[in-house]
Amino acid sequence: MIVVPCPNCGPRNSGDLRNCGELVPRPDPSAASLIEWREYLYMRKNPADWVTETWYCRGGCRRYFTIERNTATNEIRGQEAS
Amino acid sequence: MSNRLTAQPGEIIDRSTSLSFTWNGKAVTGYQGDTIASAIAASGVDVFGRSMKYHRKRGILTADHWDPNLFVQVGDEPNVRAGSRRLEAGMEVSTQNVWPSLEFDLGAANQLVGRFLSSGFYYKTFMRPKFLWPLYQKVLKKFAPGGRIHWETSTHGAYDKRYVHPDVLVAGGGPAGMGAALAAADNGASVLLVEQYGDLGGHLLWGNEDQRAHGADLAASCRAHDNIEVLVDSTVTGRYDHNWISIMQRSHDIAPERLIKARAGVMVVAPGLVERPYVFAGNDTPGVMLSGATRRLINLWAVKPGNRAVVMSANADGDAAVGDLKRVGVEVVAVLDARKGESIVCVAGKSRVSKVVLNDGRTLNADLVVTATGWTAPTSLLNMAGDRPVYDATAARYFSNSLPSNILATGGITGDGSTAELEAHGRATGVLAANRALRRRHDRVAQTARSNDPAWDKPAEMADSRTPLNRVPHPECYRSTTHGMVDFSEDVSSKDLIQASKEGFDSIELMKRYTTVTMGPSQGKLETVNAAAVLAEANQVSMAEIGTTVWRPPFAPITLGALAGRIHEPVRRSALQDWHDAHGAAPLLAGQWVRPDHYGDPMEEADNVRNNVGLIDVTPLGKLDLRGPDVSKLLELVYVNKWSKLDIGRVRYGTMVAEDGVVSDDGVTGRLGEYHWLMTCTSSGAGAVWEMLEDWLQTYRPEWQVHVTAVTGGLTSINVAGPHSRTLLERIVEDVDLSADAFPYFSVRQGTVAGVSDCIIWRIGFTGELSYEVHVPSGHALHVWEELLAQGEDLGCRPFGVEAQRILRLEKGHYIVGQDTDGLSKAPTAGLGGLVKLDKPDTIGLPELKAAYERTDLPILVGVQTDDPEIVPEEAAQIVDGGSNTILGRITSSRMSPTLGRSVCLAQVDPSLAAAGSSITVLLADGRRVTATVQEHHAHVDPEGARQRV
């Protein structure tokens, strides 16, 4: 269980939060093709490297925020409310 | 014959407290402070059990937690480690892994057929013929090691968990560990000191008088220090990311085992060293033991380990064992100095060593062989932090290579030294650990919004200026000129390892998996280094080139009970649940909630709603209070239908889909005011819908002004349903005109109910009857509920439960998200038809909705009635092609309808079967096939809605 820094509640066990996955921009639903939409739905880079991901502080302040996390080492840097 | 010595100066047994227990049915007496093994050894027993494969007789080897020969059954608890488990009065201790008895064991015949049990024997012997596999399994189970699980009794009953957040966690309570704990605590850190055995002190406990006295002083200081919490009989079993550390605590007051989860700033790893056996023919004969075992038996428990001893020593600990043996009157017939190349070739004896052959050609009579041939550094916790230890040929053991900044090692695992040197290194490590941990604590406080100005300065970073401990040269003593056991718990010999190498399993990781060496209960603590040495010899390369296997968690076994621990699963109860309990409601666990399933007869309850009036507690319904000028935009986005033109005082039904177009939730939402709405959603989806709304408002639409408040528990929801519901409410609602014209279907009003103001009443019809849902502030809910029952007595008003509601809604054909839809059901499947508006600029899942409505192959939800009205197909019964078994759908809901007197169903079917009047075949669970007919509507009762629109 890693420690995730919430901008309000400070560092918390990841079990107190929900990982919402890699940050993926949402295409304009009225203009996007089905292929583009499904890339948004399903395709993730999933690198063994730094990713920007969203977390939700479900057990605390209920803020969504992003962090940068190295998926290979679980090192965390940069954190901001989304 | 008793082997108990006269009082020894360092003994930890209390001779004034005798403990009676049984060993294989015979009465034995030990003392308080004994381990199970020491008490049994003191009574004169040599043979404790039989080995796993060859069923060879086995005795004490290490006399500690890692002893592979001391697994016993205690009462109904299997696999107890007699080398470390403290003796308790009344224990019923027996041998494991023998059949039929310890003295006469049929499995010992395996020794004669040993060639069939060599490396990889499972793969070689039991592969063919395939049809014999079940027989092989049956026979092998008979010979499988391990104790007996008693299915009838729970071994322990209670387990517990605990969470701790020490600045510094010290693993190991020897001189270095205690030094580290004291120095870290003196420097302001909170310290958790964890010791595997029953007392602090480590090897000082069985040392000389000065060592014992010094150890006792350090232990007393640790126990007295305000900043140190001491855990004994507890093992650090794993280290995970961000210093998340698991500890198994035994012998706790409130639970025999407790799993502690620690988040430590810095972990100091100070496990000391584990003594390594020497490999020679007969090295597993009872009477062959390690120097540490000899010294512990004599000094801690005053047990005489034998009468005539041969000692092979490569280090000071072996020399000290010679001194201990002589002091207690054991005749030491030879001391072999391994530093000069003297060694043992083999021993003879079955139940006990009788003869010893030396490499100078002599054969000596002896009943005790003591070896002190070196150390295994238990680097497990360092491995778990990413370290890959490196072999040092001069010191003949492994040392850590690189550690992350939140892990520090000290003590024997890092080098050799006197007690003072070990303690000094520990203290220097403790100072460094406190510095790093306090800097981390400062960062943590500074990152927390409400306290981001810690009241103290961040300490300056301290450099690691510790003077390393020396690495004292040690001979590489691994194997004699004969073959013997490398892995005692798995019965793997050096011969097996060499054979495995010849067969091509010549890397340490492959050899481990092929031969199972290091995979037994000792988990490599005794075997790893010898296995690597034998492999290096077979491959004719150096130890450094062989490398090591990776040590993974757990460091010591954890019982499943401790992992499961105390289960914290809170149950939500509505404000009316006590009333339901008191009035005979059958409890139904539904998600987080306990609800009334029925009050005796659900069919009668449903009937009463159709004919009179009933009340149901629907509090678990998710409720969200939405306020702000942009609520309608939010509703437009999250529901598939239109919301912008909903007038104040009206409610509307809406369905939600996820971004992939799959139906995710539904419910009604009412507009209470210009900027005030109340949304309801399914009980199970309440949390997810709330999080989803917050996600949109925080992430994609931060400019929208909407405030979301969850009021599920704050408002108790009572559905008043049935033809008399209006009459009933008119008696207790004061300020709302309930007439059909003034309060039409799908409207909402706020008013006073039974004297309780601020109630929300909306008129909807999940049951298909005229009905009102009353949302009451929960503090007044019981009053309103009881008043409704009292005022409605002459109308036949009675409570109904979830089962009756399910019957009623199925009669009415209302589907339930998650019951009649599943994880693949897109909007067309649910039959939403005209509800879905595809011309909106944005709604969740819009492109998928558009795509779904262009498909013609999606299953369709339909009403179904079996042709035989008495047959109620099971929910999830398959709908199959009449001739073959091709699956064409499934029954999603089914009940006997009290209103119609026949069975009614909802089903998902292939579009080819969706037309009204289609005949379908339902495959029942008992294999019968019955015919059924697709209905025109989902609703079986009143499809026109005449009953609810009165």
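pLDDT is the predictor's confidence in each residue, on a scale from 0 to 100. This is a predicted model, in which local features need pLDDT of at least 70 and side-chain atom pairs count only at pLDDT 80 or more, while totals for chains, interfaces and linings use all residues. Residues are numbered from 1 along each chain as its sequence is written, and chains are lettered from A in the order in which they are written.

Begin by selecting chain A, whose mean pLDDT is 92, with 95% of its residues reaching 70 or more. Among its elements (DSSP runs numbered from the N terminus, helices being H or I of at least four residues and strands E of at least two), helix H1, residues 34–42, has the highest mean pLDDT, 96, and strand E6, residues 76–81, the lowest, 72.

Next, show where the chains meet: 22 residues of chain B are in contact with 23 residues of chain A, contact meaning that their C-beta atoms, placed from the backbone, lie within 7 Å. On the chain B side, helix H18 (686–700) and helix H22 (846–853) each give two or more residues, and H18(B) gives the most, with six.

Now select B:Ala181, which touches B:Val170, B:Val191, B:Leu193, B:Cys222, B:Ile228 and B:Gly430, leaving aside residues up to four places away in sequence. B:Ala181 is also among the residues with the most contacts inside the largest nonpolar core, which has 152 residues. Such a core is a set of buried Ala, Val, Leu, Ile, Met, Phe, Trp, Tyr and Cys residues joined through C-beta atoms within 7 Å, where buried means that 20 or more other C-beta atoms lie within 10 Å of a residue's own.

Note on methods. A residue is buried if 20 or more other C-beta atoms lie within 10 Å of its own, exposed if 12 or fewer, and partly exposed in between; C-beta atoms are placed from the backbone. Two residues are in contact if their C-beta atoms, placed from the backbone, lie within 7 Å.
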